[in-house]
Amino acid sequence: AAIIYQRSGGIAGLVEEWRIYPDGRVVSAVGIEYQVPSEEVSALLVEIEALGFFEMRDPGGLSATCADCFSHEITVSSGGKLNRIAVAGGEFDPQNPQWQIVQVISDFVSALTVD
């Protein structure tokens, strides 16, 4: 997978993992497979890299700090680079590049389930 997005937490104790492949295949948290144009995955990877993903460091050991909050773990492999970050908490900060990455990936996978 080029992108592995894991989200956990919330009041119900949700745990889900999405896998996004360079060829456009996307495997949902419940194992449903979607197919998108590979160009959409390429554009997502470009956007993630432009936000500085590969320069970010994972502080490790993050977990949500409130009952309704989520922890997001993102692993990306692209162009011979590999990095993993974790973002946690209840306050989305639109100025924080890590939260921007969470948002673009979340929007990408959410668009698949609208059908």
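This passage looks at helix H1 and at some of the salt bridges in a predicted model.

Start with H1, which runs over residues 38-50. Its 13 residues reach 18 Å from the first C-alpha to the last, close to the 18 Å expected at 1.5 Å a residue. Four residues of the helix are buried: Val-41, Leu-44, Leu-45 and Ile-48. They sit on the same side of H1, because they cover an arc of only 100° around the axis. That pattern fits the usual geometry: an α-helix has 3.6 residues a turn, so residues three or four places apart point the same way. As for partners, the buried residues of H1 pack against strands S1 (3-9), S2 (14-20) and S5 (70-78), plus helix H2 (97-112). Flip to the face turned away from the buried side, and the exposed residues Glu-39, Val-46 and Ala-50 show up. After the helix comes Gly-52, with a positive phi near 90°.

On to the charged pairs. The structure holds five salt bridges, and one of them involves H1 itself: Lys-81 pairs with Glu-49, with the closest N and O atoms 2.3 Å apart. Since Lys-81 lies in strand S6 (residues 81-89) and Glu-49 in helix H1, this pair ties together parts that are 32 residues apart in sequence. Lys-81 is partly exposed at 34% relative accessible area, and Glu-49 is partly exposed too, at 31%.

Strand S6 also supplies Arg-84, which links to Glu-73 in strand S5, 11 residues apart. Their side chains meet in a salt bridge at 2.9 Å, N to O. Arg-84 is partly exposed at 31%, as is Glu-73 at 25%. Another salt bridge joins Glu-17 and Arg-19, whose closest N and O atoms are 2.9 Å apart.

Conventions:
Residues are numbered from 1 along each chain as its sequence is written. This is a predicted model: local features need pLDDT of at least 70, side-chain atom pairs count only at pLDDT 80 or more; totals for chains, interfaces and linings use all residues. Side-chain values use heavy atoms; hydrogens and water are left out. Helices (H or I, at least four residues) and strands (E, at least two) are DSSP runs, numbered from the N terminus. The expected span of a helix is 1.5 Å times one less than its number of residues. Buried means under 20% relative accessible area, exposed over 50%, partly exposed in between (1.4 Å probe, protein chains only). The arc is that of the directions from the helix axis to the C-beta atoms. Contact means heavy atoms within 4.5 Å. A salt bridge is a side-chain nitrogen of Lys or Arg within 4 Å of a carboxyl oxygen of Asp or Glu.
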